[in-house]
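Thanks, everyone. I have one short item today, so let me put it on the screen.

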Amino acid sequence: MGSSALTDTSDTSDAAAQGGGKELAETGAGQTMFLIIGAATMIAGGIGFRVLPRLVEGRGGAAA
């Protein structure tokens, strides 16, 4: 058929990893973990804010 601009990739002589063996780029997974922990803390705080006055009121103490 016609000529193609694609090249043959069966040659494995250049099979080294790209980047010359340098460390891979940082993915931001550590920052994502801080975000998840922060969100969980805010959710737990919101639940505590709703539940704590009920616990205090149930004991007969004055609610703040």
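I will go from the chain as a whole to its helix, and then to one patch on the surface.

First, a caution: this is a predicted model. The protein chain has 1 helix and 0 strands. Of its 64 residues, 2% are buried. The exposed area of the chain is about 6,500 Å², and 63% of that comes from carbon and sulfur atoms.

Now the helix. α1 runs over residues 29-58. From first C-alpha to last, its 30 residues reach 43 Å, which is close to the 44 Å expected at 1.5 Å a residue. There is a kink of about 30° at valine 51, shortly before proline 53. As for cover, α1 has hardly any: the count of buried residues in this helix is 0.

Which residues make the nonpolar surface patch? They are Ile43, Ile47, Val51, Leu52, Leu55 and Val56, and the patch comes to about 540 Å². Valine 51, then, is both the site of the kink and a member of this patch.

Take leucine 52 from that list. Leucine 52 sits in α1. Its relative accessible area is 53%, so leucine 52 counts as exposed, the cut-off being over 50%.

Methods: Residues are numbered from 1 along each chain as its sequence is written. This is a predicted model: local features need pLDDT of at least 70, side-chain atom pairs count only at pLDDT 80 or more; totals for chains, interfaces and linings use all residues. Side-chain values use heavy atoms; hydrogens and water are left out. Patches are made of residues with over 30% relative accessible area and no salt bridge: like charges are joined within 9 Å, nonpolar side chains (Val, Leu, Ile, Met, Phe, Trp, Tyr) within 5 Å. Accessible areas come from the Shrake-Rupley method with a 1.4 Å probe; for residues, only the protein chains shown count as cover. A salt bridge is a side-chain nitrogen of Lys or Arg within 4 Å of a carboxyl oxygen of Asp or Glu. Helices (H or I, at least four residues) and strands (E, at least two) are DSSP runs, numbered from the N terminus. Buried means under 20% relative accessible area, exposed over 50%, partly exposed in between (1.4 Å probe, protein chains only). The expected span of a helix is 1.5 Å times one less than its number of residues. The bend at a residue is the angle between axes fitted to the seven residues ending there and the seven starting there.
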